[in-house]
Amino acid sequence: MEEEKPSEAKASFGKRNAFSELMSPKAKQPKPEVSKAGKHRNPYDIRNGLLAYILDPAKFAPNVVISFNERVVLLRDAFPKATVHLLLLPRDPVKRDMHPRDALNDAEFLKMMKTEASEALELAASELSRQLSSYSDSCKERIAAMEGDEIPDELPPGRDFAKEFKVGIHAHPSMNHLHIHIISRDMHSDRLKHQKHYNSFNTDFFIPLEDFPLAEDDIRRSTSYQNSNLKKEYKCWRCGRLFGNKFQQLKAHLEEEFLAWRKM
């Protein structure tokens, strides 16, 4: 259920001497104190940047917020790390503030999120198909049939773009509010800029939604284990080639892999 927005405080103004105000040193304005319980609503914390989409998704353009209902919001990642990168946000005021590992231990909530993620994946796959089909060898026969004078009763299957996605969460999310990544696996983006960006999606730091609920002794719950994953040497998601810590070499290689993957 959508929460009501807190009312804005009215500002009060007194008489001021313009010259003395101009010449006096500017005192730093203290940030409002935020209780631990209210940290997920602190407007000064950039980690709360997803909250606006959860509270009022209708005010955003359709190319930003793709769809929403009373349970979830689906939007494009503002800093996509691949050709298609979406975020699925639950709107439940309790679950949205929890760590995803804890929230997804709830069987009913997990079932709901898996259902919503499955529907979101269909939209993501459709968008990836729109962008890649004309380059893909697997789609040529299907496209030719669709463009023919007579469309057959049963079209060739073409490429299953839904299989080209990862759906899951980061072990230690950078944003405060629970979000599930639906991301094409190509890692082809100018927003991919450093080690954490790459390894957070290509090591155990990325935990697939289908793996939940996690067992209590699952090593992916370990902070030290996950921190080590972020520092691992680069490994190509497609061919497995290792690149040490040479990011520019990895980026050049990812460009080659993207063209080959797109052509499949």
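Q: Which element gives the most to the lining of the largest pocket?
A: This is a predicted model, and its largest pocket has a volume of about 600 Å³. Elements that give two or more residues to the lining of that pocket are S2, S3 and H6. The top contributor, with four residues, is H6.

Q: Which residues are the closest to the centre of the largest pocket?
A: The pocket, at about 600 Å³, is lined by 26 residues. Of these, the ones closest to its centre are Asp77, Phe79, Lys81, Ser174 and Met175.

Q: Which residues does His197 touch, leaving out those up to four places away in sequence?
A: Start with its place: His197 is in helix H6. Its C-alpha atom is separated by 9.4 Å from that of Met187, 10 residues apart along the chain. Contact here means heavy atoms within 4.5 Å, and Met187 is one of the residues His197 touches. The full set is Lys81, Met187, Arg191 and Leu192.

Q: What is the order of the strands in the open sheet of six strands?
A: Take one end first: S1 joins S2 through three bridges, and the two run antiparallel. Next along, five bridges join S2 to S3, again antiparallel. With antiparallel pairing, the order of the open sheet is S1-S2-S3-S5-S4-S6.

Q: Which strands stand at the edges of this sheet?
A: In the order S1-S2-S3-S5-S4-S6, look for strands with a single partner strand. Such a strand has one side left without a neighbour in the sheet, so it stands at an edge. That gives S1 (65-68) and S6 (206-208).

Q: By how many degrees are neighbouring strands of the six-strand sheet turned against each other on average?
A: The sheet is open, with antiparallel pairing. For the average turn between neighbouring strands, direction is ignored. On that basis the value is 30°.

Q: What residue in S3 stands opposite Val73?
A: Strand S2 covers residues 72-76 and strand S3 covers residues 85-90. Another pair across these two strands is Arg76 with Leu86. Opposite Val73 in S3 stands Leu89.

Q: Which residue in S2 is the bridge partner of Ser67?
A: S1 covers 65-68, and a hairpin joins S1 to S2 through three residues. Three bridges connect these antiparallel strands. The bridge partner of Ser67 is Leu74.

Q: How many of the residues of S2 are buried?
A: Buried means under 20% relative accessible area. S2 has five residues and is mostly covered. The buried count is four.

Q: At about what angle does helix H4 run to S3?
A: Helix H4, residues 107-132, lies across S1, S2, S3, S4 and S5. As for another helix on strands of this sheet, H6 (residues 195-202) lies across S3, S4, S5 and S6, at about 105° to S4. For H4 against S3 the angle is about 155°.

Q: Why are the buried residues of H7 on the same side of the helix, and what do they pack against?
A: In H7 (residues 223-230), the buried residues are Tyr225, Gln226, Asn229 and Leu230. They cover an arc of only 145° around the axis, so they fall on the same side of H7. What they pack against is H6 and S6.

Q: What percentage of the contacts with a separation of 6 or more comes from residues 24 or more positions apart?
A: The protein has eight helices and eight strands, and buried residues make up 40% of its 264 residues. Among contacts with a separation of 6 or more, the share from residues 24 or more positions apart is 62%.

Terms used. Residues numbered from 1 in each chain as written. Predicted model: local features only at pLDDT ≥ 70, side-chain atom pairs only at ≥ 80, totals over all residues. Heavy atoms only, no water. Pairing = 2+ DSSP bridges. Axes fitted to C-alpha atoms, helices over the stretch in contact; angles between N-to-C directions. Buried < 20%, exposed > 50% of the residue type's maximum accessible area, 1.4 Å probe, protein only. Arc of directions from axis to C-beta. 1 Å grid on protein atoms, 1.4 Å probe; cavity = no way out; pocket = protein on both sides within 12 Å on 5 of 7 lines; lining within 4 Å. Points joined across faces, edges and corners; volume = space filled by probe spheres on them.
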